[in-house]
Amino acid sequence: MERTQSRRERSVANKILRRRCNTNHDKGIILRYCEQHKLKRAGARELRAIEEELRRRSNNHRKSCLSYIAGVLRETGKQVEYTEGKGAAVRFSAEDHHEQRLKGLLKFRDFGVALVSLQEIDAIYREYREVSDRVGTSLVRELVAKGEQRARSMAADTRFSPEKRREKQEIAKWFKVWLEVPDLFFDWVEMRQKSDEFQKLFMNSNGHPRRQAAK
């Protein structure tokens, strides 16, 4: 199990590093374009032009999302508006981009999945915190709080087996600790998993997680 978890953690770390590098590189291209063209507002034409510039110069060759471009512009105080479809004016905000990045990251099927999910969420949280992005950090915390609430709800649901309910109660505690002390969480969870209480509740005599019925 330790070998599998180690491979999983290395994979997550590499994915986070690649995503951070690509994000910073793309953001730099967008900001340089705005500076070169003295851009203070952006409509459809400007967004498409930046999209084409990104496609031409970015390390990430897939088509960039217009809401991402608009989100970066809004973060720097630019006004963003353009018309789409049947003439409806669409305004993009940084919040749109943040929610898209966080979509699907919250998972807690078991301890391993929950830990990987928190590693990915934490990496995004730190990225937002480094640039004083209050909207981003707030949305990340809301997502983790939602995870805690959902895990507690499952822990209280008598339709699940006692073992599964204990697991969800433990995961809810992980989410709570992350919300209280994100900088210390991963040191804490490592010690928590090695504790006698955790080993007795969730691990078998071979040091592997106990098999649990879904309900």
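1. Let me start with a small spot that is easy to find in the viewer. Leaving aside residues up to four places away in sequence, Arg41 touches Glu46, Gln79 and Glu81. Arg41 belongs to strand β1, which covers residues 41-42. With a relative accessible area of 42%, Arg41 counts as partly exposed. Arg74 is worth displaying too: 33 residues separate it from Arg41 in sequence, and the two C-alpha atoms are 9.3 Å apart in space. Please keep in mind throughout that this is a predicted model.

2. Just before that strand, have a look at Lys38, in the loop between α1 (2-36) and β1. Most residues other than glycine have a negative phi. Lys38 is not a glycine, yet its phi is positive, at about 50 degrees. Is Lys38 buried or exposed? Its relative accessible area is 69%, so Lys38 is exposed.

3. Now for the overall picture. The chain has nine helices and four strands, and along the sequence they come in the order α-β-α-α-β-β-β-α-α-α-α-α-α. Of the 215 residues, 42% are buried. Among contacts with a separation of 6 or more, 62% join residues 24 or more positions apart. The accessible surface of the chain is about 13200 Å², and carbon and sulfur atoms account for 48% of that.

4. Helix α7 (residues 162-180) deserves a closer look. Its 19 residues should span 27 Å at 1.5 Å a residue, and the end C-alpha atoms are indeed 27 Å apart, so the expected and modelled values agree. Buried residues of α7 include Ile171, Ala172, Trp174, Phe175, Val177, Trp178 and Leu179, and also the charged-name entries Lys164, Glu167, Lys168 and Glu170. Which helices do the buried residues of α7 pack against? They are α5 (111-130), α6 (134-155), α8 (185-194) and α9 (196-202).5. The partner to examine next is α6. This helix has 22 residues and reaches 31 Å from its first C-alpha to its last, close to the 32 Å expected at 1.5 Å a residue. Its buried residues are Gly136, Thr137, Leu139, Val140, Leu143, Val144, Gly147, Glu148, Ala151 and Ala155.

6. How do α6 and α7 meet? Two packed helices are described by the angle between their axes and the distance between the axes. The axes of α6 and α7 come within 8 Å and cross at roughly 155 degrees. That angle makes α6 roughly antiparallel to α7, and the crossing is left-handed. On the α6 side, the contact involves Val140, Arg141, Val144, Ala145, Gly147, Glu148, Ala151, Arg152, Met154 and Ala155. From α7 come Arg165, Lys168, Gln169, Ala172, Phe175, Lys176, Trp178 and Leu179.

7. Finally, α5 against α6. Here the axes come within 8 Å and cross at roughly 155 degrees, so α5 and α6 are roughly antiparallel to each other. Their crossing is left-handed. Ile121, Ile124, Tyr125, Tyr128 and Arg129 of α5 meet Gly136, Thr137, Val140, Arg141, Leu143 and Val144 of α6. Val140 and Val144 of α6 are therefore good residues to display, since they take part in this contact and are listed in the contact with α7.

How values were computed:
Residues are numbered from 1 along each chain as its sequence is written. This is a predicted model: local features need pLDDT of at least 70, side-chain atom pairs count only at pLDDT 80 or more; totals for chains, interfaces and linings use all residues. Side-chain values use heavy atoms; hydrogens and water are left out. Helices (H or I, at least four residues) and strands (E, at least two) are DSSP runs, numbered from the N terminus. Buried means under 20% relative accessible area, exposed over 50%, partly exposed in between (1.4 Å probe, protein chains only). Contact means heavy atoms within 4.5 Å. Accessible areas come from the Shrake-Rupley method with a 1.4 Å probe; for residues, only the protein chains shown count as cover. The expected span of a helix is 1.5 Å times one less than its number of residues. Axes are lines fitted to C-alpha atoms, for helices over the stretch in contact, and angles run from 0 to 180 degrees between N-to-C directions. Angles under 35 degrees count as roughly parallel, over 145 as roughly antiparallel, 65 to 115 as roughly perpendicular and the rest as oblique. A crossing is left-handed if the near helix is turned anticlockwise from the far one by less than a right angle, and right-handed if clockwise.
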